[in-house]
Amino acid sequence: MPGRGKTLGTVDLHVASRLHERRVVLGISQPKLAAAMGLTFQQVHKYEHGKNRISAGRLYEFGKALGVPITFFFERTADALIPVTPLITGDHTDELGRREAIELFTAYRAISNPVVRRALRQLTKALGSEPNGSAAKPSRSQGRPPLRRVRTDRGGGAAKR
């Protein structure tokens, strides 16, 4: 599996390049960044060139030192990621695990215009709250068999259907 063991995956290499990019943009040398992080410049060099994988904690520290959130290192990785099907545990069926939801989410992430993304979110919320929408609660009669009325004979006879 890519990204496991000693082999670095596509995402690892992307994170390394984003680290290098940010350091260069800020005009910080490898020795200066290494000193701020308590590392040697060789370690920083290996991280930036994808020779060593960067742990989550170390990535967090790099983000703080370089003035960016940890998400900065993962920006523009959508094309590099291989979709992973969520594992199903027991009888648990999660709506987000459905293929349609994954396809919808992938298409949504591909929209780069924030105004269009916001409009799409508002549209889906509006459609989901309509009486015939998927988020609407079923009426009392939906999904249940019709009730049978039982009349009783007031004269003490047996019940009729």
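# Exercises on Arg18 and its surroundings

The charged end of Arg18 sits over the ring of Phe72, 3.8 Å from the ring centre; the criterion is NZ of Lys or CZ of Arg within 6 Å of the ring centre and within 35 degrees of the ring normal. The model is predicted, with local features needing pLDDT of at least 70 and side-chain atom pairs pLDDT 80 or more, while totals for chains, interfaces and linings use all residues. Residues are numbered from 1 along each chain as its sequence is written, and side-chain values use heavy atoms, without hydrogens and water.

## Exercise 1: overall architecture

Describe the secondary structure of the protein and the order of its elements.

Solution.
Step 1. Assign the elements as DSSP runs numbered from the N terminus (helices: H or I, at least four residues; strands: E, at least two). The protein has six helices and zero strands.
Step 2. Read the elements from the N terminus: α-α-α-α-α-α.
Step 3. Turn to burial (buried: under 20% relative accessible area; exposed: over 50%; partly exposed: in between; 1.4 Å probe, protein chains only). Of the 161 residues, 20% count as buried.
Step 4. Take the contacts (heavy atoms within 4.5 Å). Among those between residues at least 6 apart in sequence, 49% join residues at least 24 apart.

## Exercise 2: the salt bridges of Arg18

Which salt bridges does Arg18 form with Glu21 and Glu75, and where do the partners lie?

Solution.
Step 1. Apply the criterion: a side-chain nitrogen of Lys or Arg within 4 Å of a carboxyl oxygen of Asp or Glu. The whole structure contains five salt bridges.
Step 2. Take Glu21. Its closest N–O separation to Arg18 is 3.2 Å, in a salt bridge. Because Glu21 and Arg18 are three residues apart in helix 1, about one helical turn separates them.
Step 3. Take Glu75. Arg18 forms a salt bridge with Glu75 too, with the closest N and O atoms 2.9 Å apart. Arg18 belongs to helix 1 and Glu75 to the loop between helix 4 and helix 5 (99-109), so this pair ties together parts 57 residues apart in sequence.
Step 4. Join the two results: Arg18, Glu21 and Glu75 are linked in a network of salt bridges.
Step 5. Add accessibility. Arg18 is buried at a relative accessible area of 1%, whereas Glu21 is partly exposed at 32% and Glu75 is partly exposed at 38%.

## Exercise 3: a salt bridge from helix 1 to a loop

Find the partner of Asp12 in a salt bridge, and state where each side chain lies.

Solution.
Step 1. The partner is Arg53, with 3.3 Å from N to O.
Step 2. Asp12 is in helix 1 (residues 10-26) and Arg53 is in the loop between helix 3 and helix 4, 41 residues apart, so the pair links distant parts of the chain.
Step 3. Asp12 is buried at 19% relative accessible area; Arg53 is partly exposed at 31%.

## Exercise 4: aromatic pairs

How many aromatic pairs does the structure hold, and what is the geometry of each?

Solution.
Step 1. Rings of Phe, Tyr and Trp (its six-membered ring) pair if their centres lie within 6.5 Å; planes under 30 degrees apart are stacked, over 60 edge-to-face, the rest tilted. The count is two.
Step 2. Tyr47 and Phe62 make an edge-to-face pair, 5.7 Å centre to centre with 85° between the planes. This pair links distant parts of the chain, from Tyr47 in helix 3 (residues 41-48) to Phe62 in helix 4 (residues 56-66), 15 residues apart.
Step 3. Both rings are on buried residues: the relative accessible area is 9% for Tyr47 and 0% for Phe62.
Step 4. Phe72 and Phe73 are edge-to-face as well, at 5.4 Å and 80°. Phe72 and Phe73 are buried.
Step 5. Return to the charges over Phe72. Besides Arg18, Arg22 lies over the face of Phe72, at 6.0 Å from the ring centre.

## Exercise 5: Arg23

Is Arg23 buried or exposed, and which residues does it contact beyond its sequence neighbours?

Solution.
Step 1. Arg23 is located in helix 1.
Step 2. With 9% relative accessibility, Arg23 is buried.
Step 3. Leaving aside neighbours within four places in sequence, the contacts of Arg23 are Ile28, Ser29, Gln30, Leu33, Glu48 and Leu66.
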